[in-house]
Amino acid sequence: MAECLLRAGSVNKRFGGLQALSDVQIQIERNQIYGLIGPNGAGKTTFFNVLTGLLKPDSGRFELCGLPYWPSDAHRVAKAGIARTFQNIRLFPDMTALENVMVGRHVRTHANALDAVLRTRRARTEESAIRSAARQLIDEIGIGRYAGHLARTLPYGDQRRLEIARALATEPKLLALDEPAAGMNATEKAGLRELLVTIRAKGVTILLIEHDVKLVMGLCDCVTVLDYGKVISVGTPIQVQRDPDVIEAYLGRPHAALVRQEMR
Amino acid sequence: MSDPAASERANPPGSASGRPPSQVYAATAAVGLALIALPWLLGPFGSAWVRGLCFAALYVMLALGLNIVVGFAGLLDLGYIAFYAVGAYTYALLASPHLTEHFPALAHAFPAGLHVSIWLALPIGASLAAAFGILLGAPVLKLRGDYLAIVTLGFGEIIRIFLNNLNAPLNFTNGPSGITLIDPVRIGSVDLAHPGSVLGFRPSSLVLYYYLLVSMALLAMLVCIRLQDSRLGRAWMAIREDEVAAKAMGINVRNVKLLAFSLGATFGGVAGGLFAAFQGFVSPESFSLMESIVVLSMVVLGGLGHVPGVVLGAVMLAMLPEALRHTVVPLQEAIFGRVLIDAEVLRMLLYGLATVGIMLYRPRGLWPAPEHGVRRALARNGAPGPAVAQSGSRDG
């Protein structure tokens, strides 16, 4: 039914003696919320970093909206339409929340040094457009009251939201979130879930790394499970939840054997 | 800020710092009048003070240029004075008899001597400095912090040592003895070294240089403020704050860093050209490592990344030697009957003390960028919110 937004295949990445990713593949359809899960050290974040150009893969094929791309430069990937957040929040701490989001507009704007010095008409209109777009985003994401505050002074959950707002400012086709719910309490998680649904409703596809199984199960249309750098299961959350391989990866062999027996 | 509309735009509506335009105009006019009157007020105390102000203006330009690299983009540069040297020697060579004396072919081509106008030489010197900025920037793109500081320090020394030794076998720079007889600045028909009468007045050469250098410094300030409030300025700050996140936001870190190095160097190049014309003489000893450190201290002392703070730091440290000469020396003579501590020695002592004091008590500088979040929130709510309290309790 839906067209394919992101396709990555045969992705390999080796760190010295450790094969962090072996032949990983993933296919995300437009407007999905796609989950990437796996036990600690499974290679989820490595895959994220490869996908967004922060790490160079050893091999792999990457396609965004049918156009092949090679993730060699993070800024090119952002321009192509993938925006990301980080597992350990990476805001610009000594800039205001609004300025953080305004930086996100960088990749879709063009004023250069000369425009800035001469304050040309082009630069002025662009600057006010950047400001109002950022303002609108920060309001939509629900942290408008902090617009003038330095990013480092925001409460933890709102820093996570700000990071999402900043990523959205780049007008991504795919929003890649690395453990957005990490360290959040139950209320904040519920809020995040609502937020992700709203973002999806605006036509942004979401790729989500998450440990919180409840969040993933309730939210994702499709899930890929990684373990030791390999894809061990793909499917809807329900399918994946019942997959003995997944249970083995998470809970160990005895549990998996139990499930296998039941299935028989 | 000299552009009231700019200050309006720089602050979102409703912010506490967005003053009404009439106030901004009044403040600008007051500062302008003070700057115009200053040399006439200080004149009776001796020309050394006006001369000191001229150097202060040059240092303001240097500090603002270095602030782009260190303050905005967060790239520690300990060899910044090299760009000053490039600008100074460019003008010195283009507007002095040195080259025509040592290269007969050139003398043949320019029988009247090389007398390139400073208004042509400044852009040449600035572009050359920018090119050197890129030359320095390209190999150090991946370095940060201490490593970057060491490489830039080495670069600054390389330039100085070249200037010191490029007098044989072909005499390009005249080595340690430097280049003399550099043409002064000419504006139209007015020679700033021997002004004669200008529009009915008979101002001294120093006063005219003062006006020229202060206008250039103000121009540099304007450029800096505009750069800071732009897409490029935000990109620099993003790199300073978190390079990986900046990359992920689509900022081309390599280009933006090189732009910081080259734009910063441009300021140094312009200041250097003016310095050569003002002094009429350049030699490598003006461009020692100590000078780089002094300029860096101005930036750090004033307030890293905050344009008014940097200007304050530059003026303070530049005027300090003059102030010391006129206070400490007579004071010692009055008390002890002779000078125990030389003003120059005391200056370095005070620099050291000031640096330690700043690090201890005001790590963000004397006049740092306002923590706008706190101020605006206070203005809006009348009382600090939870986030404000949190930031307020943080020290520095």
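1. In which loop of chain A is A:Glu179 found? The model is a predicted one, and in it A:Glu179 belongs to the loop that runs between strand 7 and helix 7 (186–201) of chain A. Although A:Glu179 is not a glycine, its phi is positive, at about 50°. The residue counts as buried because 20 other C-beta atoms lie within 10 Å, and a count of 20 or more is what that class asks for.

2. A second backbone point concerns A:Glu171, which sits in the loop between helix 6 (156–168) and strand 7 of chain A. Its phi is near 50°, again a positive value in a residue other than glycine. A:Glu171 has 15 other C-beta atoms within 10 Å and is therefore partly exposed, whereas A:Glu179 is buried. A reader checking the backbone of chain A may wish to view these two glutamates with the loops that hold them.

3. In chain B, the peptide bond that leads from B:Ala168 to B:Pro169 is cis, its omega being near 0°. B:Pro169 lies in the loop between helix 8 (145–165) and strand 1 (186–187) of chain B.

4. Turning to the sheets of chain A, six strands make up an open sheet with mixed pairing, and their order is 6-7-8-3-9-10. Strand 6 (82–84) and strand 10 of chain A are the edge strands, and since each has a single partner strand, one side of each is left without a neighbour in the sheet. From one strand to the next, the twist averages 20°.

5. Within this sheet, strand 3 (residues 33–37) and strand 9 (residues 222–227) of chain A pair in the parallel sense over four bridges, and A:Gly35 has A:Val223 in strand 9 of chain A as its bridge partner. Helix 1 (residues 44–51) of chain A packs on the sheet, where it touches strand 3, strand 6, strand 7 (174–178), strand 8 (205–209) and strand 9 of chain A. The direction of helix 1 of chain A makes about 145° with that of strand 7 of chain A.

6. A:Lys230 is found in strand 10 (residues 230–235) of chain A, one of the edge strands just described. With 16 C-beta neighbours inside 10 Å, A:Lys230 counts as partly exposed. The C-alpha atom of A:Lys230 is separated by 39 Å from that of A:Ala134, the two residues being 96 apart along the chain.

7. Chain A also has an open sheet of four strands, in the order 2-1-4-5 and with antiparallel pairing. Its edge strands are strand 2 (18–29) and strand 5 (67–68) of chain A, each of which pairs on one side only. Strand 1 (residues 4–15) and strand 4 (residues 59–64) of chain A run antiparallel and are joined by five bridges, with A:Leu6 standing opposite A:Leu64 in strand 4 of chain A.

8. Helix 10 (residues 244–251) and helix 11 (residues 253–263) of chain A pack at an angle of about 155°, with their axes 7 Å apart, and are therefore roughly antiparallel to each other. Their crossing is right-handed. On the side of helix 10 of chain A the contact involves A:Pro244, A:Ile247, A:Glu248 and A:Leu251, which meet A:Arg253, A:His255, A:Ala256, A:Val259 and A:Arg260 in helix 11 of chain A. By class, this contact holds five nonpolar, one polar and three charged residues.

9. In chain B, the axes of helix 3 (residues 47–72) and helix 9 come within 9 Å and cross at roughly 20°, which means that helix 3 of chain B is roughly parallel to helix 9 of chain B. Helix 3 of chain B passes helix 9 of chain B in a left-handed crossing, and their contact has 21 nonpolar, three polar and one charged residues.

10. Finally, the interface between the chains brings 33 residues of chain B into contact with 37 residues of chain A. On the side of chain B, the elements that give two or more residues are helix 9 (205–228), helix 10 (231–241), helix 11 (243–248), helix 12 (253–279), helix 16 (372–381) and helix 17 (386–393) of chain B. Helix 10 of chain B supplies the largest share of that side, seven residues. By class, the side of chain B that touches chain A has 16 nonpolar, eight polar and nine charged residues.

How values were computed: Residues numbered from 1 in each chain as written. Chains lettered and ligands numbered in written order. Predicted model: local features only at pLDDT ≥ 70, side-chain atom pairs only at ≥ 80, totals over all residues. Buried ≥ 20, exposed ≤ 12 C-beta atoms within 10 Å, placed from the backbone. Contact = placed C-beta atoms within 7 Å. Nonpolar A, V, L, I, M, F, W, Y, C, P; charged D, E, K, R; others polar. Pairing = 2+ DSSP bridges. Axes fitted to C-alpha atoms, helices over the stretch in contact; angles between N-to-C directions. Parallel < 35°, antiparallel > 145°, perpendicular 65-115°, else oblique. Left-handed = near helix turned anticlockwise from the far one by under 90°.
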